[in-house]
Amino acid sequence: MRSEVLKADNLYKSYFQGGERLEILKGASLSLHTDSFVALLGASGSGKSTLLHVLGLLDSLDQGEISFEGKNVSNFSEDKKAKFRLQHLGFVFQFHHLIPELSALENVTLPASMLGRDAKALGRDAKAEAEELLHWVGLKDRMNSFPWQLSGGEQQRVALGRALINRPKILLTDEVTGNLDRPRSLEILDLLARIHAERKTAILSVTHDERLAQSYKSQWRLESGLIVEQNQTI
């Protein structure tokens with residue numbers, strides 16, 4: 001059954017640069033549901049990444065409210081925000097941010113180990129789940145490889161596995177295909193579609209690629225600090 005997972009109301013965010021205040025978000029509002037598979041488009045500098053960081057509680061708001069399953073989470077303390085992110089959100093960025101000293105398997109397992117007793121209370125074997133995820137994203141033979149031994153597309157697959165290890169309700173991605181060629185980009189897009197369909201994960205993806213965006217169920221556009229266009233293709 002379709003239900004709302006995240007709601008953002010009237011979001012404002014600004015930064016100071018060179019003594020000048022730059023208004024990035026100017027009242028943006030949106031809703032993500034369990035069946036959301038959304039591409040977020042917009043010109044360079046329009047605030048797409050800022051919106052994603054605010055929604056993921058990685059950055060604070062000037063004004064507005066973010067609710068998760070009906071509960072206001074925007075005023076959480078930093079500790080509560082960190083725990084909330086670990087439990088409910090997955091992130092994948094343009095640059096993989098893998099830890100170079102850790103193998104693919106260790107990178108994927110890391111967020112589960114950070115949950116500590118909460119993960120153990122769920123009766124989960126983080127290593128076994130990480131192995132399953134790496135198998136699922138096509139890296140069963142690269143589990144013990146280090147990031148420098150992997151291609152860009154393979155590193156992004158590891159990053160996807162890491163984002164999914166704690167079974168998030170929402171996956172937020174920021175230009176995940178920005179550094180990949182066309183064939184590798186399509187592979188990652190296919191993986192995102194599988195994640196959405198098979199794991200029932202709501203996905204919001206920042207992208208500049210208009211062609212790739214057409215493969216999502218919806219295309220939203222951020223312009224002048226507002227979401228001004230929401231197209232449904234599927």
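Let's start at a hairpin: strand 1 and strand 2 form one with 2 residues between them, and Gly-18 in the turn has a positive phi of about 60 degrees. Helices and strands here are DSSP runs numbered from the N terminus, with H or I over at least four residues for a helix and E over at least two for a strand. Keep in mind that this is a predicted model, so to speak of local features takes a pLDDT of at least 70, side-chain atom pairs count only at pLDDT 80 or more, and totals for chains, interfaces and linings use all residues. Numbering runs from 1 along each chain as its sequence is written, and side-chain values use heavy atoms, with hydrogens and water left out.

Back to the hairpin. Strand 1 covers residues 4-17 and strand 2 residues 20-33, and the two pair in the antiparallel sense over 11 bridges (two strands pair if DSSP finds at least two bridges between them). Within that pairing, Lys-13 stands opposite Leu-25 in strand 2. Strand 1 also pairs with strand 4 (residues 63-68), again antiparallel, over 5 bridges. There, Asp-9 has Glu-65 of strand 4 as its bridge partner.

Now for some backbone oddities. Most residues other than glycine have a negative phi. Leu-57 is not a glycine, yet its phi is positive at about 60 degrees. You'll find Leu-57 in the loop between helix 1 (48-55) and strand 4. Leu-57 is buried, with a relative accessible area of 4%; buried means under 20%, exposed over 50%, and partly exposed in between, using a 1.4 Å probe and protein chains only. Lys-200 has a positive phi too, near 55 degrees, and sits in the loop between helix 7 and strand 8. Lys-200 is exposed, at 63% relative accessible area.

What about empty space inside? A cavity is a set of points on a 1 Å grid over the protein atoms alone where a 1.4 Å probe fits but cannot get out, and its lining residues have an atom within 4 Å of a point. Points are joined across faces, edges and corners, and the volume is the space filled by probe spheres set on them. The count comes to 1 cavity of 30 Å³ or more, and the largest has a volume of about 70 Å³. Among its lining residues are Thr-173, Leu-189, Val-206 and Tyr-216. Helix 7 (182-199), strand 8 (202-206) and helix 8 (210-213) each supply at least two residues of that lining.

How values were computed. 1 Å grid on protein atoms, 1.4 Å probe; cavity = no way out; pocket = protein on both sides within 12 Å on 5 of 7 lines; lining within 4 Å.
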